[in-house]
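Here's a quick briefing to read with the model open beside you. Take a look at the surface before going through the bullets.

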Amino acid sequence: MPIGETGVRGRVYDTLNEIISLNEEMMKEFTKAGNTIGKQGKLTQRIEVPNAKGAWATGVDSLNALISDLVHPTIEIAHVISSVAKGNLSQNMPLEIGGHTLQGEFSRIARGGERHGKAAEPVLHGGDACGA
């Protein structure tokens with residue numbers, strides 16, 4: 001939108017330019033997060049949009065909460081797999097992380113893969129592959 005207009009039209013243009021700019025900044029952050037978290041595996045990365053206000057700030061906070069809700073159980077699963085790979089079969093997957101009970105697929109994985117057979121149970125609950 002044109003810059004430097006005065007009056008009501010100028011205020012409308014300025015507001016629209018701010019909205020467009022903030023939207024562009026958010027899209028850059030979303031893309032950056034997708035690359036750094038999803039592709040590079042930097043699980044501590046979060047979305048940062050310092051100028052976000054109101055619903056935009058709420059959206060950024062919600063996305064960061066979603067990232068955390070997905071990352072924390074994934075890290076716990078990785079710890080269990082790493083322990084088992086090193087021969088430590090006593091490591092268990094917690095059913096609660098950060099004060100929240102796991103739900104959905106994370107809960108199923110933590111309980112030992114009840115829907116898809118028992119192959120995951122030794123890995124996540126410390127048994128061995130022979131059922132001992």
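W56 counts as partly exposed, because its relative accessibility is 32%, where partly exposed is the range between buried (under 20% relative accessible area) and exposed (over 50%), with a 1.4 Å probe and protein chains only as cover. You'll find W56 in helix 2, residues 54-85. Keep in mind that this is a predicted model: local features need pLDDT of at least 70, side-chain atom pairs count only at pLDDT 80 or more, and totals for chains, interfaces and linings use all residues. Numbering starts from 1 along each chain as its sequence is written, and side-chain values use heavy atoms, with hydrogens and water left out.

**The nonpolar patch**

- W56 joins M1, V8, V12, L16, I19 and I20 in a nonpolar surface patch of about 590 Å².
- To be in a patch, a residue needs over 30% relative accessible area and no salt bridge; nonpolar side chains (Val, Leu, Ile, Met, Phe, Trp, Tyr) are joined within 5 Å, and like charges within 9 Å.
- Helix 1, residues 7-39, puts in the most, with five residues.

**Salt bridges**

- There are two salt bridges in the structure, meaning a side-chain nitrogen of Lys or Arg within 4 Å of a carboxyl oxygen of Asp or Glu.
- One pairs K32 with E29 at 3.9 Å, N to O. These two sit three residues apart in helix 1, so about one helical turn separates them.
- On the K32 side the residue is partly exposed, at 39% relative accessible area, while E29 is buried at 13%.
- R108 and E105 form a salt bridge too, at 3.0 Å, N to O. Both belong to helix 3 (residues 104-111), three residues apart, or about one turn.
- Here R108 is the buried partner, at 13% relative accessibility, and E105 is partly exposed at 39%.

**Overall picture**

- The protein has four helices and two strands; these are DSSP runs, numbered from the N terminus, with helices being H or I of at least four residues and strands E of at least two.
- Along the sequence they come in the order α-α-β-β-α-α.
- Of its 132 residues, 24% count as buried.
- About 8900 Å² of the protein is exposed, with 57% of that from carbon and sulfur atoms; the areas come from the Shrake-Rupley method with a 1.4 Å probe, and for residues only the protein chains shown count as cover.
- Looking at contacts (heavy atoms within 4.5 Å) between residues at least 6 apart in sequence, 39% join residues at least 24 apart.
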